[in-house]
Every structure is written in structure tokens, then in C-alpha cells.
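Work through the following exercises with the sequence and the model side by side, and try each task before reading its solution.

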Amino acid sequence: MITRSVCVFCGSRPGNDPIYSSEAESLGKLLADNKWRLVYGAGDVGLMGIVARATQDAGGETFGVIPTHLMRAEVGKTDLSTFVVTENMHERKKVMFMNSDAIVVLPGGAGSLDEFFEVLTWRQLLLHQKPIFLLNTSGFWDPLLSLIDHVIDQGFADKSLRELIRPVATAVELGAALRSALS
């Protein structure tokens, strides 16, 4: 029985450091072990595919959402517990968000940044109260966190913005933080 769902935003590439893949795999296993459903972008490439396969291999439930135009590029993973095809990226993000209780952002590119900033903005505007975690593997997100601090320091956001983001260093640390947040 699934108790909660965790939305994972992450790269459609594995990145250059093998630790990114290792942590993605650890996250997938952690989700399954805690009976949390993975909600993600339904790709079978990069960190997305690694998280999904690890969740499946550990017996976990998977909920994937992919827009029609990315079926080929992201190799739509049709063997998921739930596989949803949307018309566009906006609908994809909305379906993923609406079907989750917490947000986790792993290393990734422009798409992951877009997804992160959208849910962060919604949280800042009090449109939701879901926790937002950055899996800061090997300090990957340090420049982003510095940029957010700079935005605050320059008067373009309140310091409370930083409090909406929960950086964690490892999947193990993330597991403890999710257990606390989802209990």
C-alpha cells in the first residue's frame, strides 16, 4: 500500500560524475523501501531512467508523465505502474505536481531548473505547502543556492524564500528528511 508520492525532477542525462547516477539509484530504492510512489517525467534515459528502474527493481510503484513530443527523445518508459501522456510540458508539470506530496530535485539541466523554479514560485505564492528538497549531490546545487542568496541580498526576494528550500547532501539524508516531512 502506497502511503505518499514523491515527485522527482531530474536530468534526462546522467551527468559527468558517476555519483549522480549512484545517488539516483539510491533514491529509487529508498522510495520503494518506504512505500512511497515515484512520480516523475516517464523517461527511460539519464537520471530519470535510473531512478525509475531502481524503484521498479525494489518493488516500488511508479507514476510517469510525459508529453507526446518527448516520447522518442526521452524514451517513454511504458512499463510503469501508471503511464500518462500529456499534450505539452505545462500539463506534464501540473499532473506531476498534483499527484505528489513532496518535491525532490536531483541534478539536471534547464528542464530541472524550470520545474524547480515553478514549484518554488507556487510555494512562495502560498499555492501549496509541499516540501521542496534539493538533492545536493557533491555540492551540485551550491551555485543555485548562492544565486538565491544573492537575489535575497539584493532585495528581490524576502529571506523567507530560502527557508522554502531544503538542501540535503545524500539520498540517505533525503530519506530521513522525507520521513519527517511526510509523517
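**Exercise 1: the sheet**

Establish the strand order of the sheet and follow its pairing from edge to edge.

Solution. The sheet is open and has seven strands in the order E4-E3-E2-E1-E5-E6-E7, with parallel pairing, where strands are DSSP runs of E of at least two residues, helices are runs of H or I of at least four, both numbered from the N terminus, and two strands pair if DSSP finds at least two bridges between them. At the edges lie strand E4 (82-86) and strand E7 (165-168), each of which pairs on one side only. From one strand to the next the twist averages 25 degrees, with axes fitted to C-alpha atoms, for helices over the stretch in contact, and angles running from 0 to 180 degrees between N-to-C directions.

This is a predicted model, in which local features need pLDDT of at least 70 and side-chain atom pairs count only at pLDDT 80 or more, whereas totals for chains, interfaces and linings use all residues. Residues are numbered from 1 along each chain as its sequence is written, and side-chain values use heavy atoms, leaving out hydrogens and water.

**Exercise 2: one strand pair**

How many bridges join strand E1 to strand E2?

Solution. Strand E1 (residues 4-9) and strand E2 (residues 36-40) run parallel and are joined by four bridges; in one of them, Cys7 has Val39 of E2 as its partner.

**Exercise 3: surroundings of Leu27**

Which residues does Leu27 touch, not counting residues up to four places away in sequence?

Solution. With contact meaning heavy atoms within 4.5 Å, Leu27 touches Val8, Val104, Leu106, Ala171 and Leu174.
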